[in-house]
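Colleague: Could you give me a close look at the empty space in this model? I would also like to hear about the charged pairs and a residue or two beside that space.

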Amino acid sequence: VRPFNNGAIRTLFDGQGNCITPDFLNYGDIYIDVPQDKYTIYAPAMAIIITNFLMAFMRRPDVSSQKEVVPILFLLDEAVQLNLDFQILSQAMSTLRSKKVSLFLLLQSIAQLEGRYGEAHSREIMDLCAYISIFNAQDPKSREYFQKLIGKRKMLQRSTSLSSSETQASSSGISISEIDEYIFDAADFGNLNRKIGKSKIENRVLVYANGKYILGETTPCYE
């Protein structure tokens, strides 16, 4: 009980002063900042708050109703550590796009997601994402997943043959065939950044959407 008696969490739960509601997002921004070392302690409380927001979003009118609604970006950093219920998360990801609510889930790895929700549920969560942003992946299984996600391309392969015998002069031939090959090697996802010149490193992110991808440059927050 003691952790709820101090700091920002006490302000949220003491019932005094101004309390945040999902309606506030119609007029401005809401930030909930939880110290990294308190994530495990506060995760149950954060799950309750986030679930209340998601349920409120589900009550918003659909865009088909032609009612004016304010677009909302709901960003969850370290989403796996928040211990959200899978059914609520899946339902929200399936329906909120039609209510002008975009969920942005940030996580460290697919392995972390599978550890929390299992392989089948993790695949469903990834499948419900309209956009997937990839920085670097160190887990071999994650690298293979992204390699298959980006897919293959058609390439022309050239083959040269040479034959000779004691009775005939040597002969050679060239054949060209079409093959499929992966656009990226799995190892490429271990480090998408590239070196420019002698010392500069260009930090890059790969964004995948609708069967297409783009590599973009990022600016680290500490620069």
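Modeller: Happy to; I will begin with how to read the model, go through the pockets and the cavity, and then turn to single residues and charged pairs.

Please keep in mind that this is a predicted model, where local features need pLDDT of at least 70 and side-chain atom pairs count only at pLDDT 80 or more, while totals for chains, interfaces and linings use all residues. Residues are numbered from 1 along each chain as its sequence is written, and side-chain values use heavy atoms, with hydrogens and water left out.

Rolling a probe the size of a water molecule over the atoms shows where empty space is left. The search here runs on a 1 Å grid over the protein atoms alone: a cavity is a set of points where a 1.4 Å probe fits but cannot get out, a pocket is an open set with protein on both sides within 12 Å along at least five of seven lines, and a lining residue has an atom within 4 Å of a point. Points are joined across faces, edges and corners, and the volume is the space filled by probe spheres set on them.

The largest pocket has a volume of about 1,100 Å³. Its lining is made of 36 residues, and Phe 104, Leu 105, Leu 106, Tyr 131 and Ser 133 are the ones nearest the centre. To place them, I use helices (DSSP runs of H or I, at least four residues) and strands (DSSP runs of E, at least two), numbered from the N terminus. Helix H3 (86-95), strand E2 (101-105), helix H5 (119-127), strand E3 (132-134), H6 and strand E8 (204-209) each give at least two residues to this lining. E2 provides the largest share, five residues. As for chemistry, the lining divides into 24 nonpolar, seven polar and five charged residues; here Ala, Val, Leu, Ile, Met, Phe, Trp, Tyr, Cys and Pro count as nonpolar, Asp, Glu, Lys and Arg as charged, and the others, Gly among them, as polar.

The second largest pocket holds about 710 Å³ of space. It is lined by 27 residues, with Ile 30, Tyr 31, Ile 32, Leu 75 and Leu 76 nearest its centre. Helix H2 (39-58) and strand E1 (72-76) each supply at least two of the lining residues, and the largest share, seven residues, comes from H2. The classes here are 20 nonpolar, three polar and four charged.

Closed space is next. The structure holds one cavity of 30 Å³ or more, and the volume of the largest cavity is about 60 Å³. Around it sit Ala 79, Val 80, Leu 84, Leu 89, Leu 105, Leu 107, Leu 113, Tyr 117 and Ile 125. That lining has nine nonpolar, no polar and no charged residues. Leu 105 is worth a second look: it is listed in the lining of the cavity and among the residues nearest the centre of the largest pocket.

Now for single residues. Ser 142 is in helix H6 (residues 140-150), and it counts as buried because its relative accessibility is 3%; buried means under 20% relative accessible area, exposed over 50%, and partly exposed in between, with a 1.4 Å probe and protein chains only. Leaving out residues up to four places away in sequence, Ser 142 touches Ile 110, Ala 111 and Ala 137, where a contact is heavy atoms within 4.5 Å. Gly 211, in the loop between E8 and strand E9 (212-217), is exposed at 51%. Its C-alpha atom is 10.0 Å from that of Tyr 131, although the two are 80 residues apart along the chain.

Finally, the charged pairs. There are six salt bridges, each a side-chain nitrogen of Lys or Arg within 4 Å of a carboxyl oxygen of Asp or Glu. Among them, Arg 153 pairs with Glu 181, with the closest N and O atoms 3.3 Å apart. Arg 153 lies in strand E4 (residues 152-163) and Glu 181 in strand E5 (residues 171-182), so this bridge ties together parts 28 residues apart in sequence. Lys 154 and Asp 180 form another, at 3.1 Å between the closest N and O atoms. Lys 154 is in E4 and Asp 180 in E5, so the parts tied together are 26 residues apart. Lys 154 is exposed at 54%, whereas Asp 180 is partly exposed at 42%. Glu 202 also bridges to Arg 194, the closest N and O atoms being 2.6 Å apart; Glu 202 is buried at 9%, and Arg 194 is partly exposed at 43%.
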